[in-house]
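Me: I am new to this structure and would like to understand how its descriptions are justified. Could you take my questions one at a time and show the reasoning behind each term?

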Amino acid sequence: MPKFFFHMSMILSEQEQVRRASLHEMQQLGINPYPPEAFEVNTTTETILANFKEGSETFSHVSIAGRIMSRRIMGAASFCELQDATGRIQLYVKRDDICPGEDKTLYNTVFKRLLDIGDIIGVTGFVFVTQMGEISIHINSLKVLSKSLRPLPIVKEKDGQLFDAFTDPEQRYRMRYVDLIVNDQVKNTFLKRTKVINVMRDFFNSKGYLEVETPILQPIPGGAAARPFITHHNALDIPLYLRIANELYLKRLIVGGFDGVYEFAKDFRNEGMDRTHNPEFTVLEIYVAYKDYLWMMDFTEDLLVNVVETVQGNNSVLIDGKEIVFSKPFRRVPILEAIREHTGIDVAGMDEKQLIAVCRQLGIEVDDSMGKGKLIDQIFGEKCEHHYIQPTFITDYPVEMSPLCKRHRSNPELTERFELMINGKEIANAYTELNDPIDQRMRFEEQLRLSERGDSEAMFIDQDFLRALEFGMPPTSGMGIGIDRLVMLITGQTSIQEVLFFPQMRPEKIKKAMSHEMFTEIGVPEEWARQLIQAGYQTIESFKNEKPQVLQQKLNGLRKKNKLDIPAVQLEEIMLWFGNL
RNA sequence: GAUUCGUUAGCUCAGUCGGUAGAGCAUAUGCCUUUUAAGCAUAGGGUCCCGGGUUCGAGUCCCGGACGGAUCACCA
């Protein structure tokens, strides 16, 4: 239980009050609006709509449950739309069919008056086609399964055009449950997300690689360059960090003798939030022993072609009006060549001073904390990255940028690394992993020097990881894919919040509705205290500063408006309350 | 963080020159046995984001603030 108790007198809108009254009336009629027993469902709207043929007996006894999404009441017969997990179907509700006896309460009172849009019901009946040609269920029983106390936004649709759409991103993300109920496409995005992950998992399992779990709480946040979240473990009295990557743990498992390990991991980075960044995000990382980054490029191509073909049904996706085609082989471009291609400058072999000069020449901002690696990264990011729309492997990054990556077999200034760029953004990152423990230690120490220069993202030294490498890690290739960004790409979404069920939001401002007790304490009768809250006096201050005459007018106005069955308030009473302040 | 736009009924949105706050849907009531975003009719529903200021008078003008969107910059 949370430690916080909000003492609030809830101010309900008219519609919420009506729904609570309906709930109460149902209970008076002996109907449990939240029954405990299971309701047997024997089909789905999707199954019916896909398979019903007029005249067939297949759907003559259906039992189905879902949420009421619209109602058209026409007297002794009505139509309403029921939405289940698979879609919507129209119900035809005829009074004498759901109320075969004398008692017509279930139809006249419960269905027509006490049920609302948003309520969850279970029905049985038979499927037929209306005169308008719509496949519908003619129901013969109806059971209330859950009463909804808040009105849903009502979104309507005709020929693909939406009316009164629920589109405010803040509302949609904060109340994703509502978004999922009323915005049909939203569900599809998340179904695709799960499908992407399942296809990847199947692909890895079919190769015999092992899905593993590694620590989220880490004493040293390693494996990437980023600012971590920090927390504290009470029993050990040490700081712990939420992981920014799981790379170093997966490599320990390769040391331990597994041939291939992978993890769909939540990583956490204490950085800015925008349409491509959420503080927690999902990354797939996979490590395979006895392979190199060239092998990993082929593997990544196979993986992504497989994912896109399975999820999309073809080999392309459409995003920002651009068609992106996934077919082997993807283009491969060394980073220095990419820079030469887009700037005309050959930065190979340049030292820090020369690189800074190049950045200045190209109008790229630099600062003192930047080393060679970061400068080159900056040039690539500014001048090249956005050009790579079709899947392209950018390879052979400078050694300073990649402290966990093995030096290039033909040039020790470079590393055996690739990033996969799609639609101008990085989707995957992979190395021939550095397994030389002495080189690894030197690279960490270089990071430490960067850190001392003020690079807050430089890596920490993980002594246990170095110890593991010293026992010997087989040559290994590793690869990571940002799952959220991959899903954005495949679903054509341009913001990460659209592919996360519950993106991080600024805490909601809870409007402090003060309790009416603070007014009763100074002698205001209960009923008037409630009216004061409604009149907008939410603090004693605002109340105290009001003129007694104004208060009297407002309260008696509310008395008339709300048809209160109490005598009008007198000025003397109000003066008495003020006296008690 | 910068720029810019926005915040009005349960929802989607109008609101002119500063002068009694509006529409559609939703809700309530009445009528109605196959309707198609909306069956017909009537009614109720507002802290115009918050706080100051100008003014006889502010949803509207000015200042400050909160929250959100979009764009840009940094990180996956």
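Me: Which residues on the other side of helix α11 are exposed, and what makes a residue count as exposed?
Reply: In this predicted model, K353, R360 and Q361 are the exposed residues on that side of α11. The word exposed is reserved for a relative accessible area over 50%, so a residue that is called exposed has passed that cut-off.

Me: Which residues of α11 are buried, and why are they said to line one face of the helix?
Reply: Helix α11 covers residues 352-362, and its buried residues are L355, V358, C359 and L362. Looking down the axis of α11, one finds these buried residues within an arc of 100°, and therefore they line one face of the helix. That buried set packs against two other helices, α10 (335-343) and α12 (372-383).

Me: Why is N183 called buried, and where is N183 found?
Reply: N183 belongs to the loop between α6 (176-182) and α7 (184-206). Its relative accessible area is 5%, and because buried means under 20%, N183 counts as buried. With its neighbours within four places in sequence left aside, N183 is in contact with V155, F166 and R172. For a contact, heavy atoms must lie within 4.5 Å. As for A85, which is 98 residues from N183 along the chain, the C-alpha atoms of the two residues are 13 Å apart.

Me: What makes Y107 and F111 a stacked aromatic pair?
Reply: The ring centres of Y107 and F111 are 5.7 Å apart and their planes differ by 20°. Since rings pair when their centres lie within 6.5 Å and count as stacked when their planes are under 30 degrees apart, both conditions are met and the pair is stacked. The two residues are four apart in helix α4 (residues 105-114), which means that about one helical turn separates them. Y107 has a relative accessibility of 0% and so counts as buried, and F111, also at 0%, counts as buried too. A search of the whole structure finds 19 aromatic pairs, and there is one aromatic cluster formed by F203, F204, Y209, Y262, F264, W295 and F299.

Me: How do you know that the charged end of R252 sits over the ring of Y249?
Reply: The charged end of R252 is 4.4 Å from the centre of the Y249 ring, and the distance part of the test asks for a value within 6 Å. The test also requires the charge to be within 35 degrees of the ring normal. R417 is likewise described as lying over the face of Y397, at 4.7 Å from the ring centre.

Me: Why are β8 and β16 called edge strands?
Reply: The open sheet has eight strands in the order β8-β12-β13-β22-β21-β20-β17-β16, with mixed pairing. Strands β8 (210-211) and β16 (331-334) each pair on one side only, and they are the edge strands.

Me: How do you know that β21 and β22 pair, and in which sense?
Reply: Two strands pair if at least two bridges are found between them, and β21 (residues 425-432) and β22 (residues 476-482) share five bridges, in the antiparallel sense. Within β21 and β22, A428 stands opposite I481.

How values were computed. Residues numbered from 1 in each chain as written. Chains lettered and ligands numbered in written order. Predicted model: local features only at pLDDT ≥ 70, side-chain atom pairs only at ≥ 80, totals over all residues. Heavy atoms only, no water. Phe/Tyr/Trp six-rings, centres within 6.5 Å; stacked < 30°, edge-to-face > 60°. Buried < 20%, exposed > 50% of the residue type's maximum accessible area, 1.4 Å probe, protein only. Arc of directions from axis to C-beta.
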